[in-house]
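Let's take a walk through this structure together. Have a look at it first, and then we'll go step by step.

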Amino acid sequence: MSDRPQIFGIPTSTYCWTIRMVCAEKGQDHDFFEMIPGGVLDGVRHPFARVPVMRYRGVVIYESLAIARYLDRELPGPSLQPADSFETARMDQWISATSDYLYDSMITGLVTQRLVAPLDGQLPNEDVISEHSAIMREQLGVIDEILCRSRYLAGGTMTLADLFLAPLIYWIEKTPEGEEALDMYPTLKRWFHGIAGRESFKATTPAIRV
Ligand SMILES: N[C@@H](CCC(=O)N[C@@H](CS)C(=O)NCC(=O)O)C(=O)O
């Protein structure tokens, strides 16, 4: 049985990246195994055909939030979850919004079309990009407003919420639409570059260049 968390997934996945950053922030080495959604590797599978899946100390956990919270509680190192109830609610609110709304506009609507489709030899769907970029710009405005009032999404300390959102911002910044939108929000941009400058982010950035 491995004494390091084993993370199964695809390197470009924002969810996988968040989990890898959680390990790095806790000062915990991990092993990453490439497994496509729906795949089975070394007996590990996600029953709903998604990634990541994590195996650690003989237990298998899927769903990023469950994995992140588990690792944060189990591993030594600085806590990535607030002690305060209101800040915890704020953290949960932003993780939920990231997974349910921001991922859809930024990754599914923009990044998949602008960056991934051409890699597959397909033309990006400009209507989809334009529709989702407009939604994304509004969402970025909401996030920027929060970050004008507090250093991180849930308050004065970095939490899991920041680790869930930062990989999305990394990918949108690689698109012309995302880059232009981020230029409108210097506070959000500063927050992102603060996270992107951390060792945990740099050590887990996907090797792929687009
Ligand atoms: N609720 C899941 C979502 C994970 C997820 O959607 N992962 C993407 C990769 S970033 C995936 O597996 N997509 C495959 C698909 O949608 O079929 C979690 O939080 O872990």
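A residue counts as near a molecule here if one of its heavy atoms lies within 4 Å of it. With that in mind, keep in view that what you're looking at is a predicted model.

Start with the ligand. Which residues are around it? They are S13, Y15, P37, R50, V51, P52, E63, S64 and Y103. Sorted by class, this shell has 5 nonpolar, 2 polar and 2 charged residues. As for where the ligand sits, the space it takes up is the largest pocket.

Now zoom in on some of the contacts. R50 reaches the ligand with its side chain: a polar atom there lies 3.0 Å from a ligand oxygen. E63 also uses its side chain, where an N or O atom is 2.6 Å from a nitrogen atom of the ligand. V51 works through its backbone instead, with an N or O atom 2.9 Å from a ligand nitrogen. How much of the ligand does the protein bury? On its own the ligand exposes 510 Å², and the protein buries 73% of that.

Next, turn to the cysteines C16 and C23. How many disulfides does the structure hold? The count is 0. Why isn't C16 bonded to C23? A disulfide needs two cysteine sulfur atoms within 2.5 Å. The closest cysteine sulfur to that of C16 is the one in C23, and because it is 11 Å away, it is too far for a bond. Seen from the other end, C23 is in no disulfide either, its nearest cysteine sulfur being that of C16.

Are these cysteines buried or exposed? C16 counts as buried because its relative accessibility is 1%. C23 is buried too, with a relative accessible area of 0%.

Notes:
Residues numbered from 1 in each chain as written. Predicted model: local features only at pLDDT ≥ 70, side-chain atom pairs only at ≥ 80, totals over all residues. Heavy atoms only, no water. Polar contact = N/O pair within 3.5 Å; in protein donor to acceptor, adjacent residues only side chain to side chain. Areas by Shrake-Rupley, 256 points an atom, 1.4 Å probe, with all protein chains shown as cover. 1 Å grid on protein atoms, 1.4 Å probe; cavity = no way out; pocket = protein on both sides within 12 Å on 5 of 7 lines; lining within 4 Å. Sits in = over half its atoms within 2 Å of the grid points. Nonpolar A, V, L, I, M, F, W, Y, C, P; charged D, E, K, R; others polar. Buried < 20%, exposed > 50% of the residue type's maximum accessible area, 1.4 Å probe, protein only.
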